[in-house]
Amino acid sequence: MGELNIENHARYILSVEKKKDSFESVVMEHLRLNGAYWGLTTLDIMGKLDAVDQDEVVSWVMQCQDESGGFGGNIGHDPHILYTLSAIQVLALFDKIDVLETEKVSNYIAGLQNEDGSFSGDMWGEVDTRFSYISLCSLALLHRLDKINVEAAVKYIVSCKNLDGGFGCTPGAESHAGQIFCCVGALAITGALHHIDKDLLGWWLCERQVITGGLNGRPEKLPDVCYSWWVLSSLIMIDRVHWIDKKKLVQFILDCQDKENGGISDRPDDAVDVFHTYFGVAGLSLLEYPGLKPIDPAYALPVDVVNRIFLRR
Ligand code: GRG
């Protein structure tokens with residue numbers, strides 16, 4: 001079995017940030033804050049966060065904040081809850097959450113909760129269980145869950161549960177591994193995992209493993225390295241991770257590496273990007289691959305970062 005090429009992956013991530021006019025940088029322009037979270041968390045899990053100028057990053061993150069309290073994907077962009085969580089997570093990596101005006105950020109998030117407990121992503125109103133997870137995760141990291149109606153938030157998530165044990169983006173929507181991560185993560189954060197039929201959901205999730213060892217996001221779809229995060233973290237949270245072949249999944253992720261130039265792709269021999277590099281390395285961390293820091297399956301941050309936030313109180 002090949003090995004994880006930590007040095008090359010770290011060099012690749014740092015190079016994407018420097019080459020501002022490269023294809024990858026340009027297409028990520030509108031979601032640079034998400035990209036910063038993916039890249040920096042990968043570096044931290046690999047023990048390479050020191051290679052980054054943290055003051056520069058923190059100052060840039062704060063420039064992405066809008067007067068509403070929410071964050072945009074880049075400086076001057078409209079705020080959205082998707083980037084607000086990434087901002088909090090990046091600051092958490094550097095132990096800098098205290099630079100935030102907690103009241104302002106948590107008011108922005110709380111203002112997006114709807115009457116039925118669901119959350120909109122921004123002022124335009126799209127509703128999705130991704131936004132429920134993001135709100136609960138963000139407010140938990142800020143110790144401000146008291147700002148919202150948690151009971152209604154949980155009730156809405158449970159209303160998105162399907163007969164196959166999975167969850168979709170709204171009530172009645174098809175089960176999808178990405179949404180399952182969001183719903184299971186949100187229920188884990190709020191101490192409400194008892195709403196899940198663990199055997200039924202565990203069965204659906206472990207059936208996502210295909211013959212090559214990789215995982216797909218729903219039946220009949222191709223495997224993709226990112227599901228090593230969405231599926232595996234969910235299986236861990238419901239205590240059914242032993243239902244998949246871990247060794248074959250490790251092999252699949254390692255086969256998706258660009259061994260020469262660094263980075264990880266969705267499937268072997270495809271082009272690499274920061275998103276798949278993060279979810280590949282994070283998946284390997286969940287699989288306890290040697291030399292990587294453990295990552296928390298609900299908060300999607302290194303365990304030491306999560307402990308620093310919750311044990312300090
Ligand atoms: C902090 C880790 C973290 C997440 C924040 C944004 C978010 C919360 C979660 C996104 C969950 C999600 C929906 C992931 C799926 C991403 C993906 C690969 C979508 C592609 O879906 P399809 O249907 O692809 O186009 P398939 O794989 O089904 O062909």
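Trainee: Before we look at helix H4, what does buried mean here?

Mentor: Keep in mind that we're looking at a predicted model. A residue counts as exposed when its relative accessible area is over 50%. Buried is the opposite end of that scale, meaning under 20%.

Trainee: Okay, so which residues in helix H4 are buried?

Mentor: H4 covers residues 54-63. Going along that stretch, the ones that count as buried are Val-57, Val-58, Trp-60 and Val-61.

Trainee: Why do the buried residues of H4 line one face of the helix?

Mentor: An α-helix has 3.6 residues a turn, so residues three or four places apart point the same way. Look down the axis of H4 and you can check this: its buried residues line one face because they fall within an arc of 165°.

Trainee: Which residues are exposed on the other side of H4, and what do the buried ones pack against?

Mentor: On the other side, the exposed pair is Asp-55 and Glu-56. The buried residues of H4, for their part, pack against helix H3 (32-45) and helix H5 (81-93).

Trainee: What does a side-chain oxygen of Asp-53 reach at the start of H4?

Mentor: Asp-53 has its side-chain oxygen within 3.2 Å of a backbone atom there. That partner is the backbone nitrogen of Asp-55.

Trainee: Let's move on to His-80. Is it buried or exposed?

Mentor: You'll find His-80 in the loop between H4 and H5. The cut-off for buried is under 20% relative accessible area. His-80 has 12% relative accessibility, so it counts as buried.

Trainee: Which residues does His-80 touch, and which backbone oxygen lies 3.4 Å from a polar atom of its side chain?

Mentor: Leaving out residues up to four places away in sequence, His-80 touches Phe-71, Tyr-108, Gly-121, Asp-122 and Phe-131. As for the backbone oxygen 3.4 Å from a polar atom of the His-80 side chain, that belongs to Gly-121.

Trainee: Zooming out, how many helices and strands are there in the chain?

Mentor: Reading along the sequence, you meet α after α in the pattern. The count comes to 14 helices and 0 strands.

Trainee: And why is the chain said to be as compact as a globular protein of that length?

Mentor: For 313 residues, the globule rule gives 20 Å. The chain comes out close to that, so it is as compact as a globular protein of that length, with a radius of gyration of 18 Å.

Trainee: What share of the residues counts as buried?

Mentor: The C-alpha atoms fill a box of roughly 50 × 45 × 35 Å along the principal axes. Of the 313 residues in the chain, the buried share is 58%.

How values were computed:
Residues numbered from 1 in each chain as written. Predicted model: local features only at pLDDT ≥ 70, side-chain atom pairs only at ≥ 80, totals over all residues. Heavy atoms only, no water. Buried < 20%, exposed > 50% of the residue type's maximum accessible area, 1.4 Å probe, protein only. Helix = DSSP H or I, 4+ residues; strand = E, 2+ residues; numbered from the N terminus. Arc of directions from axis to C-beta. Contact = heavy atoms within 4.5 Å. Polar contact = N/O pair within 3.5 Å; in protein donor to acceptor, adjacent residues only side chain to side chain. Rg over C-alpha atoms; globule rule 2.2 N^0.38 Å.
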